[in-house]
Amino acid sequence: MNVKIIELLTLLDEETACYQSMQNVLIDEETSISLSRKEPFDRVQYEKESLVVKLQQLEEKRKTLVDQLSGAYATDGESMTVTQLAGSVKPPTSEKLMSRASRLRSIIEDVREKNRRNQLLINQNLDLVKGSLKLLTNLIIDSPVYQKPGTHQSSVGYQAPGGRFICGTV
């Protein structure tokens with residue numbers, strides 16, 4: 001088996017393991033999404049960001065490696081996918097490439113779906129917080145406890161400069 005193909009198989013396994021870690025982080029993220037505790041959510045976001053960086057690096061390595069292999073196996077020298085590359089190599093290796101590629105593809109789809117659901121939950125929580133802030137802001141602005149300096153509180157409905165009367169006659 002070609003050394004580059006073995007390297008690609010190892011890289012696909014690493015990328016799959018990294019996506020499996022991302023699945024676990026997304027599960028943690030879902031449980032940490034709440035309005036009351038910020039620290040667990042921040043910790044999970046840090047883990048998620050570091051995994052995204054690692055996944056980007058692995059993906060770049062995979063693309064470079066597949067491009068190198070496609071130059072060796074492709075007839076026209078165009079870039080290939082792992083699945084297309086599997087069709088160009090001999091049977092035991094092609095089956096290994098196909099199984100790893102399909103496993104990686106299914107994990108990526110699961111991660112995308114979990115991430116989409118978590119994003120919806122985050123947006124709902126954000127909308128709730130914004131609505132609460134808007135409600136509180138309107139309550140504070142509409143009914144201040146003290147009047148602004150220099151403004152005189154009028155006696156509503158009465159023209160007399162004194163106190164308010166409930167009944168005009170006793």
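In what order do the elements of the protein run from the N terminus on? They run α-α-α-α, and the legends below take you through this predicted model view by view.

**View 1. The whole protein is built with 4 helices and 0 strands.** Welcome to the overview, a good place to get your bearings. Of the 170 residues of the protein, 27% count as buried.

**View 2. Helix H1 crosses helix H2.** Here you can follow H1, residues 3-32, beside H2, residues 39-73. Their axes come within 9 Å and cross at roughly 160°. That angle is over 145°, so H1 is roughly antiparallel to H2. The crossing of the two helices is left-handed. Sorted by class, the residues in the contact of H1 with H2 are 20 nonpolar, 4 polar and 12 charged.

**View 3. Helix H2 is shown from end to end.** How far should the 35 residues of H2 span at 1.5 Å a residue? The expected span is 51 Å, and the end C-alpha atoms of H2 are 50 Å apart, which agrees. Several residues of H2 are buried, among them Pro40, Val44, Gln45, Lys48 and Leu51. Further along H2, the buried residues include Leu55, Leu58, Arg62, Leu65, Val66, Leu69 and Ser70. As you trace them, keep a general point in mind: an α-helix has 3.6 residues a turn, so residues three or four places apart point the same way.

**View 4. Lysine 61 sits in helix H2.** Is lysine 61 buried or exposed? Its relative accessibility is 51%, just past the cut-off of over 50%, so lysine 61 counts as exposed. Now look across to leucine 11: lysine 61 and leucine 11 are 50 residues apart along the chain, yet their C-alpha atoms are separated by 8.0 Å.

**View 5. The largest nonpolar core has 28 residues.** Which of these residues touch the most other members? They are Leu8, Tyr19 and Leu97. The elements that give two or more residues to this core are H1, H2, helix H3 (82-88) and helix H4 (91-142). H1 gives the most, with 10 residues.

How values were computed:
Residues are numbered from 1 along each chain as its sequence is written. This is a predicted model: local features need pLDDT of at least 70, side-chain atom pairs count only at pLDDT 80 or more; totals for chains, interfaces and linings use all residues. Side-chain values use heavy atoms; hydrogens and water are left out. Axes are lines fitted to C-alpha atoms, for helices over the stretch in contact, and angles run from 0 to 180 degrees between N-to-C directions. Angles under 35 degrees count as roughly parallel, over 145 as roughly antiparallel, 65 to 115 as roughly perpendicular and the rest as oblique. A crossing is left-handed if the near helix is turned anticlockwise from the far one by less than a right angle, and right-handed if clockwise. Ala, Val, Leu, Ile, Met, Phe, Trp, Tyr, Cys and Pro count as nonpolar, Asp, Glu, Lys and Arg as charged, and the others, Gly among them, as polar. The expected span of a helix is 1.5 Å times one less than its number of residues. Buried means under 20% relative accessible area, exposed over 50%, partly exposed in between (1.4 Å probe, protein chains only). A nonpolar core is a set of buried Ala, Val, Leu, Ile, Met, Phe, Trp, Tyr and Cys residues joined through side-chain atoms within 4.5 Å.
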